[in-house]
Amino acid sequence: MRARYGNPLKTSLKVTAGIAAAGAAGLIYSAGFEARSFRLRRVTIPVLPAGMRPMRVLQVSDIHMVGGQNKKRRWLQSLAGLRPDFVINTGDNLSDTEGVPEVLDALGPLMEFPGAYVFGSNDYYGPKLLNPARYLKQQISGRHGLNGNAPVVGAIHNPWEDLRDGFDAAGWLNLTNTRGSLKVAGVEIGLTGLDDPHIKRDRYTEVAGGPLSGPDFSMGVVHAPYLRALDAFTADGYPLVLAGHTHGGQLCIPFYGALVTNCDLDTDRVKGLSTHEAAGNTSYLHVSAGCGTNRYTPVRFACPPEATLLTLAPKAA
């Protein structure tokens with residue numbers, strides 16, 4: 001008997017079609033579902049002085065607002081129902097030069113609460129269409145943003161001043177390379193912020209010296225969790241640092257995790273709660289995966305968009 005073999009060309013076409021179909025299904029899922037599957041994470045951090053009452057902090061980050069993103073806008077508005085003690089916005093609110101009114105509308109209910117903010121590179125500059133493989137190349141080379149790369153040419157400038165004025169008018173603290181404090185239910189929270197290290201606008205020397213003696217509790221705030229910023233905050237004795245920027249890796253591999261962080265932070269700490277050590281001190285670090293994406297890469301995979309409700313609790317005795 002003669003053995004019968006399938007047509008190799010037909011088999012190859014079927015395999016190619018199957019791969020294409022799987023890729024298309026993944027793209028539809030990551031852009032059409034997961035990138036719009038907003039969720040709230042809840043994290044407890046034992047970081048307050050003993051005897052201090054717990055405090056609830058809502059961290060929002062990397063909104064990357066584009067006109068017409070009504071589901072995102074309504075979800076952000078709904079977070080006011082959590083009634084946090086205060087709000088921290090860790091930057092990259094924009095991905096559209098016309099997006100300031102929609103950001104202020106989305107965050108309007110949250111601006112009824114005490115809050116503070118830092119900006120990220122996308123608040124200052126509009127996005128560009130880039131090859132996603134660039135992030136892998138930068139991760140391998142260790143060169144990210146303006147850190148080791150050539151200066152940006154032909155950048156689109158966002159109306160960040162309008163965004164700043166809106167936040168300031170609501171009473172939120174601008175933490176651009178400066179210190180501030182919030183009085184919440186009789187408790188004073190000290191805040192020290194940096195401008196975005198991703199585009200080399202951070203000036204830690206302007207805020208160096210550690211937490212002030214007056215506040216009951218102090219923490220650091222920065223958009224991009226570059227090691228130089230984390231080292232400085234930790235060495236100066238800040239018990240907690242909040243950051244965003246990484247998008248949690250954005251396109252992750254299930255059961256493995258992120259491939260990139262878009263900064264020099266390791267992928268094991270690309271999102272969520274971890275610790276950082278420097279100069280013999282240890283700080284808690286919380287990195288938000290954020291709730292948006294660059295307008296030219298509106299996809300997420302194995303990394304849903306998020307905001308985080310942080311419960312700051314007293315340290316164990």
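# Briefing: a six-strand sheet and helix H7

The protein exposes about 14600 Å², and carbon and sulfur atoms supply 57% of that area. What you're looking at is a predicted model, with an average pLDDT of 91 for the protein. Its inventory runs to seven helices and 12 strands. This briefing mostly follows one open sheet of six strands and the helix H7 that packs on it.

**How far to trust it**

- Of the residues, 90% score a pLDDT of at least 70.
- Element by element, the top mean pLDDT goes to strand E9, at 99, while helix H1 (residues 8-33) has the lowest, at 48.
- Over residues 11-27 the pLDDT is below 50. Once near neighbours in sequence are set aside, that stretch has two contacts in the model.

**The whole protein**

- There are 317 residues in the protein, and 49% of them are buried.
- Take the contacts with a separation of 6 or more: 77% of these come from residues 24 or more positions apart.

**The open sheet**

- What order do the six strands take? Reading across, it goes E6-E7-E8-E9-E11-E10, and the pairing is mixed.
- Strand E6 (178-184) and strand E10 each have a single partner strand, so they stand at the edges with one side lacking a neighbour in the sheet.
- Ignoring direction, neighbouring strands here are turned by 30° against each other on average.
- E10 and E11 are an antiparallel pair, held over seven bridges. Within that part of the sheet, Thr275 sits opposite Tyr284 of E11.
- E7 and E8, on the other hand, pair in the parallel sense, over five bridges.
- E8 and E9 run parallel too, with two bridges joining them.

**Strand E8 up close**

- Is E8 mostly covered or mostly open? It's mostly covered, as five of its five residues are buried.
- In general, side chains in a regular strand alternate between the two faces of the sheet.
- In E8, Phe217, Met219 and Val221 point one way, Ser218 and Gly220 point the other way, and all are buried.
- Val221 is a handy residue to find on screen: it is the bridge partner of Gly193, and it also stands opposite Leu242 in E9.

**Helix H7 on the sheet**

- H7 covers residues 227-235, and together E8, H7 and E9 make a right-handed β-α-β unit.
- Which residues of H7 are buried? They are Ala229, Leu230, Ala232, Phe233 and Thr234.
- An α-helix has 3.6 residues a turn, so residues three or four places apart point the same way.
- The cover over those buried H7 residues includes strands E7 (187-193), E8 (217-221), E9 (240-243), E10 (272-278) and E11 (281-287).
- H7 packs on the sheet by touching E7, E8, E9, E10 and E11, and the direction of H7 makes about 70° with that of E10.
- Just after H7 comes Gly237, which has a positive phi near 90°.

**Three loop residues worth a click**

- Leu212 is in the loop between E7 and E8. Why does Leu212 count as exposed? Its relative accessible area is 52%, and exposed means over 50%.
- Not counting residues up to four places away in sequence, Leu212 touches Arg179 and Ser218. Leu212 and Leu191 are 21 residues apart in sequence, and their C-alpha atoms are 9.4 Å apart.
- His144 is found in the loop between helix H5 (133-141) and helix H6 (160-169). His144 is buried because its relative accessible area is 2%, and buried means under 20%.
- What does His144 contact? Leaving out neighbours within four places in sequence, His144 is in contact with Gln138, Gln139, Asn149, His198, Tyr226, Asn262, Cys263 and Asp264.
- Ile253 belongs to the loop between E9 and E10. With a relative accessible area of 38%, Ile253 is partly exposed.
- Ile253 and Cys303 are 50 residues apart in sequence, yet 9.1 Å apart in space, C-alpha to C-alpha.

Definitions and conventions. Residues numbered from 1 in each chain as written. Predicted model: local features only at pLDDT ≥ 70, side-chain atom pairs only at ≥ 80, totals over all residues. Heavy atoms only, no water. Buried < 20%, exposed > 50% of the residue type's maximum accessible area, 1.4 Å probe, protein only. Helix = DSSP H or I, 4+ residues; strand = E, 2+ residues; numbered from the N terminus. Contact = heavy atoms within 4.5 Å. pLDDT = per-residue confidence, 0-100. Pairing = 2+ DSSP bridges. Right-handed = clockwise from strand over helix to strand, strands pointing away. Areas by Shrake-Rupley, 256 points an atom, 1.4 Å probe, with all protein chains shown as cover. Axes fitted to C-alpha atoms, helices over the stretch in contact; angles between N-to-C directions.
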